[in-house]
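Trainee: I have this one open and would like to go through it with you. Could we begin with the terms, then move on to the details?

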Amino acid sequence: MPPGGRMGPGFLTDDEKKNRPKVTKELLIRIFSYLKPYWKQLLLVITAILFSAVLTLLPSVLTGKIIDDGLIARSMKTLVKYIILSLCVTFAANLIGILESYLNTWIAQHITYDMRNSMYQHLQKMSQRFFTSNNQGDIITRMTSDISGVQQIITNTLTSIISNVITLAAALVMMFRANWLLALIGVVIVPAFAIPTRSAGKNRWSITKDSQECSDEINGILNETLSVSGQLLVKLFGKEQTEYERYESVNKRMIDLNIKESMAGRWFRMLLSTFTSVGPMLIYLVGGLIMMKYDPTLTVGEITVLVALLGRMYGPVNQLLNIQVDWIRSMAMFTRIFEYYDMPVEIENAPDAVCPETADGEVEFRNVSFRYEPERQILKNISFTLDKGKCIAIVGPSGSGKSTLINLIPRLYDVESGEVLFDGVDVRKLDLAFLRSNIGIVSQETYLFNGTIRDNLLYAKPDATDEELISACRQANIYEFIEKQDDGLDTIVGNRGLKLSGGEKQRISIARILLKDPALMIFDEATSALDSISEQKIQDAIEPLIESRTSILIAHRLSTILAADEILVVKDGEIVEKGRHKELVKQGGVYTELYETQFSKAVTGDDGISFEYTEGED
Ligand code: ATP
C-alpha cells in the first residue's frame, strides 16, 4: 500500500514488496465472512457476469455469419438478420452490464458500510493509550482510504478476476470449436504477450513510486503550512517566500514526473498495439494458406471469427497479468484493517459491573502505581482520600504526573497496581457509563467542536432548555460575553473553538460541565498565562462549583490552591507533601519552592479575606 493509503497504478512499491502480507487460509476466510451476508446478491452478480461475458463474445461469432452467409453469399435478408441479431445481443449484454455494476456497487457499499460502522464502534472502545500512541492521520486513513479500498477490491479486483476468467474461457471454447488449428496458432502467441507488459511495467513502476513520494511530500507541505497553527508559525516567522519556494519546487518535480509517467504509458501502449496485431496476422496467414492450398471449405468468415475472438482475449489477459498487484495490495489492505480490529479493548465494562443509583463523588487512591510504557514508572504508590463535598488541590512541577493521576479516575487508563475507588468501589468494578457520567473534567486543553456555543453546551445535556443554558453560562461567567455577540448562543466557535480566546473557551467548558452536573468535578488549570481579568472570571466561576461538590483541582495558581481543603504536592510521581497552604509553606520543602518560583502574588485567601502574598510570607 503506498503511503497515504491510495490505490496507485498497477505496480507495487518497494515497501509493498517488502511487506507482502502472508495470505493464509484464515485471512481469506475472514475476508469472505464479510461477503457472506450478501451471498445471494453475489451469486446474481456472478450469473450476470457469466451472461454478459458470453453475450459480449457472440457478436464476434456472428461476424463470421455476416461475412459468409450475408456478404459472400450476397443475401441481403441474411445480412440484415445477423446485423440486427448482433445489435440486439450487444444491447442485451450492455443491459446485463448495468445490472451487474448496480449489484456490484450495492454489495461493495454495504460491505464498506458494515466495516466502517463496526470499525468506528471498535475504535470508540479503544483506550486513551491507543489514541495517544497512534498517529491520528493513520487512524483516519484506515477508516477512510483503507476501507474505501475494500470497496474497490470488490468492485474491481474481485469482479475483474471473475469476468476476465469467464471471458477468457468462453473465448477459448468458441475459438477451439470454430477451428482448433487456427485457435492453437492464435493462442500460442498470447503468453508471449506477457513479456512487453512485464518489462514496460518495471520502467513505469519506478516513475510511479517517485511520483507517489512527491505527492506525499506535497500533501505534507500543505498539511503543515495550511493548518491554523502552521500558518500562524509561517506568518510570525515571515517564512511565506521560503514555504512557497519549497512548495513550488516539489510541484515542479511532480509535473516532470507526471509527464514522464504519461509518456512511459505511451511507449508501452505503442508496443502493445504493435504486438497485438501479430496474432491476427498469423491467423490470417496460416488461415489463408490452409484455405488456398489444403482445405477450400474453410471460409473467410471462420477466419474472421477467430481473429475477432483472439482480439477479445488480449484485454482479459492483460488485466489478469496486472491483477497480481491489485491482489497483493488488497490483501495488505485487509491485513491493515484487521490489525485494528484485533487490537484488544483495554478498558471494558466488567461483566458484573455495579451501577449505583446515585453518586457522592468520593475518591480514594490506595497504593496506586502506573506507567504508560513498561520502561518508565510515572506514578508510585499514590494514596489519598477525598471525602464528599471536599476539595483537593494537586500541585507539582510540570511533568510530575498530575494529569496522569486524574486520568485514572474516569478510567482513561487502568492502574498498574493498587486501587482507585469511587464512592468506595474499585473503578474497574463500576459501570463505565455510570462512572464517567458522574465525573466532569475541565481539562487544560479545552476542546470545543466546530459549531455554535449552543451545540457545544447541548453536548453535555441534549435536552437542556434555553433557561438552563443561560443559567449555566451565567454561573460560568461567560454569559456577559455571549450576550454581546450578534448571534448570542448561536455564535460559531470556529475550528476547534479557535475563534474564541483561551479564557472564553475554558469558561464555556465550565458551563458545559455545569450542565452535566457531575458528582465529582475535576479542574485541570491551564498553565498558559491568562490575563488577570480572565483569570479572575474563571476563578469566580469555579469557586461556587467546588464549594457545592466534591472536587479535585490541578492548580497552577495560588488563588485556586487556597480554595482547597487539602493540598497534595506531587513530585516525580509521588506524593511528597500533604496539608494546607500555611503549614506547607512553613515546611520549606517542594511546596515552598513551588510557591516561591511559580505562584502568583496577589490573591484572595481561603477565608475570603484578601492577602497580599510576597515571597516567603505565610
Ligand atoms: P503539566 O503540569 O505540565 O501538565 P503533569 O504533572 O500533568 O504536567 P503528566 O501529564 O501527568 O504531567 O505527565 C507525567 C509524565 O508522563 C510526563 O513525563 C509525560 O512525559 C509522561 N506522559 C504523559 N502522557 C503520556 C502518554 N500518553 N504516553 C507516555 N508518556 C506520557
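Mentor: Let us start with exposure: a residue is called buried under 20% relative accessible area, exposed over 50%, and partly exposed in between, using a 1.4 Å probe and the protein chains only. This is a predicted model, in which local features need pLDDT of at least 70 and side-chain atom pairs count only at pLDDT 80 or more, while totals for chains, interfaces and linings use all residues. Residues are numbered from 1 along each chain as its sequence is written, and side-chain values use heavy atoms, with hydrogens and water left out.

Trainee: Fine, so is Asp 572 buried or exposed?

Mentor: Asp 572 is exposed, because its relative accessible area is 53%. It sits in the loop between strand E9 (566-571) and strand E10 (574-579), where strands (E, at least two residues) and helices (H or I, at least four) are DSSP runs numbered from the N terminus. Its phi is near 45°, a positive value in a residue other than glycine.

Trainee: Where else is there a positive phi in a residue that is not a glycine?

Mentor: Asn 367 has one, of about 45°, and this residue is placed in strand E1. With 44% relative accessibility, Asn 367 counts as partly exposed. For background, most residues other than glycine have a negative phi.

Trainee: Changing topic, how many salt bridges does the structure hold?

Mentor: There are 15, a salt bridge being a side-chain nitrogen of Lys or Arg within 4 Å of a carboxyl oxygen of Asp or Glu. One of them joins Lys 461 to Glu 468, with the closest N and O atoms 2.4 Å apart; Lys 461 is partly exposed at 25%, and Glu 468 is partly exposed at 28%.

Trainee: And which residues are joined into one network?

Mentor: Glu 364, Arg 366 and Glu 419 are, through salt bridges that share partners. Arg 366 pairs with Glu 364 at 3.1 Å between the closest N and O atoms, and the side chains of Arg 366 and Glu 419 meet at 3.4 Å, N to O. Glu 419 lies in strand E4 (residues 417-422) and Arg 366 in strand E1 (residues 363-370), so this pair ties together parts that are 53 residues apart in sequence.

Trainee: How exposed are those three?

Mentor: Arg 366 is partly exposed at 38% relative accessibility, Glu 364 is partly exposed at 24%, and Glu 419 is partly exposed, also with 24%.

Trainee: What about cavities, how many are there of 30 Å³ or more?

Mentor: The count comes to 4, where a cavity is a set of points on a 1 Å grid over the protein atoms alone at which a 1.4 Å probe fits but cannot get out, and lining residues have an atom within 4 Å of a point. A volume is the space filled by probe spheres set on the points, which are joined across faces, edges and corners.

Trainee: Which elements line the second largest cavity?

Mentor: Helix H3 (39-72), helix H4 (76-125) and helix H6 (136-178) each give two or more residues to that lining, and H6 has the largest share, with 4 residues. The space in the second largest cavity is about 40 Å³, and the residues lining it include Leu 42, Asn 104, Ile 154 and Thr 159.

Terms used: On a 1 Å grid over the protein atoms alone, a cavity is a set of points where a 1.4 Å probe fits but cannot get out, and a pocket is an open set with protein on both sides within 12 Å along at least five of seven lines; lining residues have an atom within 4 Å of a point.
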